[in-house]
Amino acid sequence: MEEGFQEFAQSKVSESFTALSADLVELDVENSSDATLGDETIAIVIGMVNSDESLRGRITLTCDSAVVQAVTHRMLGDEPADTMETYFTIAEFVNMFCGGALTEINNRYKGTGLRLTPPAIFAGKGMEITAPSVASQCSGFRSSEGSLTLDVGFEG
């Protein structure tokens with residue numbers, strides 16, 4: 001991995017996330033070093049991999065459940081029909097900002113060829129998601145609906 005790659009990736013994911021939050025769902029998020037998640041959280045994990053799997057990583061967005069409900073409602077223009085519709089909607093939101101970020105990463109680091117894997121959703125109380133083999137950078141955010149964290153990491 002080139003020097004500065006991890007930092008560039010983190011900044012592009014963060015920028016894409018904040019821009020889409022503001023533009024698509026009118027969710028104003030601000031960086032916060034003390035963003036504390038509540039008990040009820042939802043985490044969306046999406047992988048990044050290139051064609052020969054020599055570069056693998058993941059992006060995790062963890063949100064207070066109230067944030068997920070607000071994003072889902074605003075994307076749908078109505079209340080979701082059920083929990084699965086909530087999960088599909090928040091997964092699509094993550095796909096959108098991650099796809100935008102990967103385009104910028106691939107444009108800057110020609111030949112990287114990163115692609116997204118399908119997202120996985122985790123929901124519950126007091127969750128802790130760790131990936132010991134992944135070196136990552138985590139950013140905290142606050143919104144009027146609650147707190148969020150965005151973690152971007154790569155193996156090796």
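Begin by selecting Glu-53 and Arg-56 in this predicted model, where the two side chains meet in a salt bridge with an N to O distance of 3.7 Å. Keep Arg-56 selected and add Glu-155, because Arg-56 also forms a salt bridge with Glu-155, and here the closest N and O atoms are 2.7 Å apart. Colouring by secondary structure helps at this point: Arg-56 lies in strand E3, residues 56–64, while Glu-155 lies in strand E7, residues 146–155, so the pair ties together parts of the chain that are 99 residues apart in sequence. Is Arg-56 buried or exposed? Neither word fits, because its relative accessibility of 35% makes Arg-56 partly exposed, and Glu-155, with a relative accessible area of 33%, is partly exposed as well.

Next, select Glu-145 and Arg-74, whose side chains meet in a salt bridge at 2.7 Å, N to O. This pair, too, links distant parts of the chain, since Glu-145 sits in the loop between strand E6 (134–143) and E7, whereas Arg-74 belongs to helix H2 (residues 65–76), 71 residues away. Glu-145 counts as partly exposed at 23% relative accessibility, and Arg-74 is partly exposed with a relative accessible area of 35%. Before leaving the charged side chains, select Lys-12, Glu-15 and Glu-104, which are joined into one network by salt bridges that share partners. A search of the whole structure finds 8 salt bridges.

Now show helix H2 on its own, and place a distance label between its end C-alpha atoms. How far apart are the end C-alpha atoms of H2? They are 16 Å apart, which agrees with the 16 Å that the 12 residues of H2 should span at 1.5 Å a residue. Just after the helix comes Gly-77, which has a positive phi, near 80°.

With H2 still displayed, select its buried residues, which are Val-67, Val-68, Ala-70, Val-71 and Thr-72. Then bring back the surrounding elements one by one: what covers these buried residues includes helix H1 (5–25), strand E2 (40–49), E3, helix H3 (83–108), E6 and E7.

Centre the view on Val-68, a residue of helix H2 that counts as buried at 0% relative accessibility. Which residues is Val-68 in contact with, once its neighbours within four places in sequence are left aside? They are Ile-42, Cys-63, Thr-86 and Ile-90. For a sense of scale, add Cys-138, which is 70 residues from Val-68 in sequence and 19 Å from it in space, C-alpha to C-alpha.

Finally, turn to the nonpolar interior. Nonpolar side chains tend to be buried together in soluble globular proteins. The largest nonpolar core in this model has 35 residues, and those with the most contacts inside it are Phe-17, Leu-61, Phe-93 and Phe-97. The elements giving two or more residues to this core are H1, E2, E3, H2, H3 and E7, and H3 gives the most, with 8 residues. As a last stop, select Phe-97 and display its surroundings: apart from neighbours within four places in sequence, Phe-97 is in contact with Val-13, Ser-16, Phe-17, Leu-20, Leu-61 and Leu-150.

Terms used: Residues numbered from 1 in each chain as written. Heavy atoms only, no water. Salt bridge = Lys/Arg side-chain N within 4 Å of Asp/Glu carboxyl O. Buried < 20%, exposed > 50% of the residue type's maximum accessible area, 1.4 Å probe, protein only. Helix = DSSP H or I, 4+ residues; strand = E, 2+ residues; numbered from the N terminus. Expected span 1.5 Å × (residues − 1). Contact = heavy atoms within 4.5 Å. Core = buried A, V, L, I, M, F, W, Y, C linked by side-chain atoms within 4.5 Å.
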